[in-house]
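Please load the model in a viewer and keep the selection tool at hand. The tour proceeds from one selection to the next.

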Amino acid sequence: MSSAPRDTVTPPGDAVDVLSGEDVSRRVVRGGAVRFAGFGLVNLLGVASALILLRYLGVVDYGRYGTVLALIAIASGLADAGLTVVGSRELALRPAGESRRRLVGLMMALRLLLAAVFILAAFVVGVAAGYDDVMLAGVALAGAGAILLAAQVTIALPLSVELRNARLTVSELVKQVILVAGIALCALLGADLVWFFAVQVAVGLGSLAVLPILVGREAIVRPRWDTSEIKEFARKALPIAAALVLTVAYVRLLVVLSSVLTDEYETGLFVTSARIVEMLGGVALLISGVILPVAAVAARDDRGRLEYVLARTTEVSLILGTLIALVFAFGARPVVTLLGGSEFAAAGPVLRIQAPAVITIFLVQAWAAFLVADDHRRDLLRCVLIGLGVLAVSAVVLIPIADARGAAIAAVVADVAYALSVFIAVRRLPGRPSPLNWSFLGRFGIALAAALAVGLAVPGTDAVAAAAAGAVFLAACVIQRMVPVDVWSAMPGVGRA
């Protein structure tokens, strides 16, 4: 069986040919597999850091830690201003060389400026919310780390367009290794909470230090400013920036609202659940990041290929999202107990409520990538406004009534509304593409019903029920041939072997 060219030898100049070549499906699937494996390692490290944080800090201090990081994450998401998504699309459509370097330099200037502005705004919000000195110091330290990471992400963006996924994976692993090592060191030394925030600065510095190795010294560009180009880029990016607010910030916004509308203990419970769901949703971000450059070129050159990739991506996203949601819904209590000990057992029901949101996160990320690829930015903006409206109403109503569980319900309600609106927008694209067909949905329904029946009926612990439900669902998907053929054919030893 012939194999795809190795990631490490893909020349940057071949990027456009890679994205439009006949073997692009194989490259995407294998590149996605590399990213998925890296994601698994990153999350194993994330579990290690969560174990340390939960057990060392306790519910209250972990809630304070999570609240500060949620605020910084919102600021970082706003500072991105659609630059990553629009930049990925624009880089995919530009020839390699100086044109791309100029665009990266432009994005660097914009991103650093916006990051500084929004981190300052986050500090002001912290002061207005009455955060104590430790939390305000945390905002400043974590904010400095976020600015450093903004520069790193911008310089590394061409790697995704050139499908050099192994190097992207290494970059992500480096960040997580530094984070876990820093947290472990703080706990070992008995450090105060503020030092855990300082670890974010170390992550930013370390990720920048390895960039010359990953992208090459010639790819390290300086920020540059061109007013006319910035206006044109901003015109494209602003609708995306608004649309990404919900995707990036909706759970984090709920964390901030919880810190105001309920007590510290309930906020800590929701932070625990939200953090787990956020980690799981990272797989969906990974898929959309791999697919977007390919979809952008297909939207320009081949509508048939665009619709085909849309359908296959939706199927994979639905299968993966449902599998993960099933496992964590049935196994919610043992998961949080394993991570934080018996003190966090009360977060189990919160996670069980929020777990179905993983499915909508996967679908939203997949469909939103195609709206961006086909240059329907304003449609995505309208969708996010619907989601934000639902989020605001449900959070204000439900959190005072049901505390952490109310926040979890609000997260699910908002995500469902957002997913439905994005689905309608995708169906209105030229050619009215259908992300899912009735045959696949029928088989999916059978697989889901079987998994739920087994998970509810199997004797034993929640962990046993979670494993049984996940295994039955996955087996039913394989038996019914629901996994797209492109995924099978790209696996080593399968397809043309």
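Begin by selecting glutamine 152, which lies in helix α5 (residues 133-161). The model is a predicted one. Is glutamine 152 buried or exposed? Its relative accessible area is 1%, and because the cut-off for a buried residue is under 20%, glutamine 152 counts as buried. Display its surroundings next: setting aside neighbours within four places in sequence, glutamine 152 contacts Ser171, Lys175, Ser207, Leu208 and Leu211.

Now zoom out to the whole protein chain. Its secondary structure consists of 18 helices and zero strands. Of its 497 residues, 54% are buried. Among contacts with a separation of 6 or more, 83% join residues 24 or more positions apart. If a surface is drawn, the exposed area of the chain is about 20200 Å², of which carbon and sulfur atoms supply 69%.

The interior comes next. In soluble globular proteins, nonpolar side chains tend to be buried together. Here the largest nonpolar core comprises 109 residues, and Tyr65, Phe196, Leu254, Phe270, Val422 and Phe473 have the most contacts inside it. Colour helix α15 (residues 377-427) as well, since this helix gives the most to the core, with 18 residues. A second core, separate from the largest, has twelve residues, including Leu83, Met107, Leu157 and Ile230.

Return to valine 422 and show what surrounds it. Beyond residues up to four places away in sequence, valine 422 touches Trp367, Ala368, Leu371, Leu380 and Cys383. Cysteine 383 is itself buried, at 4% relative accessibility. Select cysteine 186 for another buried cysteine, with a relative accessible area of 10%. A search for disulfides across the whole structure finds zero.

The last stop is helix α17 (residues 462-479). Which of its residues are buried? They are Ala465, Ala466, Ala468, Ala469, Gly470, Phe473, Ala476 and Cys477. An α-helix has 3.6 residues a turn, so residues three or four places apart point the same way. Show α11 (303-330) and α16 (438-457) together with α17, as the buried residues of α17 pack against both. A distance check between the end C-alpha atoms of α17 gives 26 Å. This agrees with the 26 Å that its 18 residues should span at 1.5 Å a residue, because the expected span is 1.5 Å times one less than the number of residues. Finally, select arginine 481, which follows α17 and has a positive phi, near 55°.

Methods:
Residues numbered from 1 in each chain as written. Predicted model: local features only at pLDDT ≥ 70, side-chain atom pairs only at ≥ 80, totals over all residues. Heavy atoms only, no water. Core = buried A, V, L, I, M, F, W, Y, C linked by side-chain atoms within 4.5 Å. Buried < 20%, exposed > 50% of the residue type's maximum accessible area, 1.4 Å probe, protein only. Helix = DSSP H or I, 4+ residues; strand = E, 2+ residues; numbered from the N terminus. Contact = heavy atoms within 4.5 Å. Disulfide = S-S within 2.5 Å. Areas by Shrake-Rupley, 256 points an atom, 1.4 Å probe, with all protein chains shown as cover.
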